[in-house]
Amino acid sequence: MDNFIVSARKYRPATFHQVVGQKSITATLQNAIKNNHLAQAFLFTGPRGVGKTTCARILAKTINCENLTPEIEPCDKCESCISFNNNASFNIHELDAASNNSVDDIRHLVEQVRIPPQVGSYKVYIIDEVHMLSQAAFNAFLKTLEEPPSYAKFILATTEKHKIIPTILSRCQIFDFKRIMVEDISDYLGYVAESEGIDTEIEARHIIAQKSDGAMRDALSTFDQIVSYSGNQVTYKNVIENLNILDYEYYFKVTGFILENNIADLLLIFNEIIENGFDGQQFIVGLAEHMRTLLVLKNPSTIKLMHASGSLKEKYLEQSSACSVDFLLEALQVTNKYDLNYKGSSNKKLHIEIALLDLCGLSGIPNPEHAHQPIIKQSIPAPPKIEEKPKEATTPIAKKTEPMVTKTEEAKLEVKEVKEIKAEESKPEEIKEEIKNEEKTEQKKEIKSPPSKPQVTARDTGNGRTIKNISIKQSLQSLRDSKDSDGDQPEEVIVNVFDQQKLSETWKSFVESYVNKSPSFSNAIAKYDPVLKENYVVEYKVDSQIISKDLLSVTSLLEFLKTNLNNNQITLNPVFPEKSEQKKSYTDREKFDELSEKHPGVLKLKDQLNLEIEF
Ligand SMILES: [Zn+2]
């Protein structure tokens with residue numbers, strides 16, 4: 001039986017050119033060798049398995065080679081190269097500081113440094129995991145590092161640069177090794193597989209590369225593991241079974257159910273995943289990755305980032321085109337949020353289920369009509385009388401609250417409501433057609449009618465101007481209200497008859513409720529005399545300044561009256577006092593202005609004495 005050599009060793013790069021994913025570092029080292037500017041000490045830092053030790057060995061071999069190639073690579077033929085390749089060179093010393101970190105170990109090394117090389121020109125000392133050296137060992141080493149013999153080169157390697165003391169750092173040339181890109185690892189696995197005569201699927205290599213987190217060594221050992229499990233056919237199925245990775249098919253299905261708002265199947269498939277022994281967090285992270293891939297495919301320029309064979313790529317593209325970018329972005333946020341909070345949740349399964357429900361909520365965004373459907377269905381039990389009432393009750397009011405531009409919009413909305421209710425009764429097609437025609441005529445009527453209404457002008461020439469902006473605000477509010485109620489149930493018409501006295505009492509209690517919240521507003525409102533007019537219009541004379549300041553409070557006043565008088569057909573009609581009408585002054589500022597208007601001397605006095613008035 002052949003001696004099995006693990007791929008990580010068998011395919012360990014022997015030249016700078018073969019090093020994967022660290023081009024800038026190898027190029028810098030080669031340049032330094034070429035220009036004879038090589039430092040005496042190096043610090044190679046970076047994650048595990050990315051090629052630090054490999055590069056250190058290649059460097060040692062290259063600087064000792066007797067016939068460097070023009071590309072500054074070792075010749076692999078000279079005596080030195082051969083001894084390096086056989087691991088028999090005396091010019092390379094490796095010390096694993098993780099297990100040899102005492103002062104004695106370092107002293108031993110320092111003694112060796114004194115002896116010049118017998119063959120070749122340099123002695124290279126590689127100290128792996130140098131951050132594990134004890135403080136005393138560091139100190140013992142420092143002296144040698146400060147004044148090394150010319151033939152000695154030190155290469156310190158560490159995964160944790162921050163643990164290296166500054167005195168060491170300042171004496172080293174530092175090289176930061178990067179994680180190796182998934183594509184680079186995948187390609188290299190392809191090369192190794194080819195050399196070994198093993199068939200691999202691109203998805204299989206890709207998933208191994210992804211799992212290795214940028215470390216070639218891990219990727220190669222995973223590869224060996226799968227080869228020993230599945231023989232000379234490394235398929236995607238083999239890999240996910242062996243590494244216990246969730247199949248992308250699941251993510252396609254889950255995303256499909258989310259888009260369909262199919263909560264039942266979504267929860268069932270998630271249950272299946274859990275029963276197969278997968279972890280909830282693993283699932284949500286994988287789902288996030290899936291969403292990312294779909295997002296990447298949204299832009300033709302990033303499609304090339306996607307490494308998959310033709311049919312799978314097609315599948316991704318198809319699902320990607322079914323999602324909006326907004327949906328994908330929000331889905332990424334949701335999955336990320338639930339991933340972050342996963343550890344803190346006490347019911348992990350429920351936690352992920354809530355995440356899935358959240359994601360289902362998103363699917364409504366690109367298609368709001370779709371999301372509305374079930375809600376409208378809920379309003380079926382609403383009794384048919386509602387259909388009648390709004391027509392009766394709202395028409396007179398439409399006549400009352402006139403000068404709004406938005407009136408027609410409101411009318412449309414009412415029509416819509418009626419239409420929806422009618423539709424609920426599931427009438428046959430012809431009747432629906434009828435409704436449509438009705439709608440059209442109704443709309444036309446509404447559009448035509450406002451200018452012809454006499455009340456509009458009557459109100460304008462009445463006891464005061466109508467404050468348009470407030471009315472618009474109010475009607476916007478009522479529009480908003482009706483929109484809100486549009487979602488669940490059409491607003492019911494509540495008409496409770498009340499008299500002037502009841503109105504005054506309720507007005508008073510509103511004033512009291514505002515004493516603490518906004519004394520000035522409560523004060524102002526207290527001084528208005530609400531007058532009950534026909535059709536529940538409440539008229540009151542106002543001072544424009546205060547009203548404009550407290551628009552929101554005015555809406556709350558209306559709500560208060562509606563609720564407490566049990567009548568939602570009440571409308572407010574604030575009117576300005578006529579010019580001739582004496583204006584009441586409430587604030588100090590107003591009082592002062594009034595005074596100075598009557599007696600201009602007051603202003604003069606204030607200016608001449610250079611007075612400042614605090615209001
Ligand atoms: Zn050589």
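The following exercises, each with a worked solution, concern the predicted model shown above.

Residues are numbered from 1 along each chain as its sequence is written, and side-chain values use heavy atoms, with hydrogens and water left out. Because the model is predicted, local features need pLDDT of at least 70 and side-chain atom pairs count only at pLDDT 80 or more, while totals for chains, interfaces and linings use all residues.

**Exercise 1. State how many helices and strands the protein has, and what percentage of its residues is buried.**

Step 1. The secondary structure comprises 29 helices and ten strands. Helices (H or I, at least four residues) and strands (E, at least two) are DSSP runs, numbered from the N terminus.

Step 2. Of the 615 residues, 43% are buried. Buried means under 20% relative accessible area, exposed over 50%, and partly exposed in between (1.4 Å probe, protein chains only).

**Exercise 2. Determine which residues of helix α2 are buried and where they lie around the axis.**

Step 1. Helix α2 covers residues 23–34 and reaches 16 Å from its first C-alpha to its last, close to the 16 Å expected at 1.5 Å a residue. The expected span is 1.5 Å times one less than the number of residues in the helix.

Step 2. The buried residues of α2 are Ile25, Thr26, Leu29, Gln30, Ala32 and Ile33. They lie on the same side of α2 because they cover an arc of only 160° around the axis. The arc is that of the directions from the helix axis to the C-beta atoms.

Step 3. The buried residues of α2 pack against β1 (41–45), α3 (52–64) and β5 (173–176). The face turned away from this buried side carries the exposed residues Lys23, Ser24 and Lys34.

Step 4. Asparagine 36, which follows α2, has a positive phi, near 55°.

**Exercise 3. Describe the surroundings of helix α8 and of serine 7.**

Step 1. In α8 (residues 182–196), the buried residues are Ile185, Ser186, Tyr188, Leu189, Gly190, Val192 and Ala193.

Step 2. The cover over these buried residues includes α1, β6 (199–200), α9 (202–211) and α10 (216–230).

Step 3. Serine 7 lies in helix α1 (residues 7–10) and is buried, with a relative accessible area of 5%. Apart from neighbours within four places in sequence, serine 7 is in contact (heavy atoms within 4.5 Å) with Arg12, Val192, Leu220, Phe223 and Asp224.

Step 4. Just after α8, glycine 197 takes a positive phi of about 70°.

**Exercise 4. Examine two of the salt bridges and say where their residues lie.**

Step 1. The structure holds 14 salt bridges. A salt bridge is a side-chain nitrogen of Lys or Arg within 4 Å of a carboxyl oxygen of Asp or Glu. Side chains of opposite charge can pair when their charged atoms come close.

Step 2. One of them joins aspartate 76 and lysine 61 (2.7 Å, N to O). This pair links distant parts of the chain: aspartate 76 is in the loop between α3 and α4 (79–85), and lysine 61 is in helix α3, 15 residues apart. Aspartate 76 is partly exposed at 31% relative accessibility, whereas lysine 61 is buried at 4%.

Step 3. Another joins aspartate 104 and arginine 107 (3.9 Å, N to O). Both residues lie in helix α5 (residues 103–113), three residues apart, about one turn of the helix. Aspartate 104 is exposed, with a relative accessible area of 55%, and arginine 107 is partly exposed at 48%.
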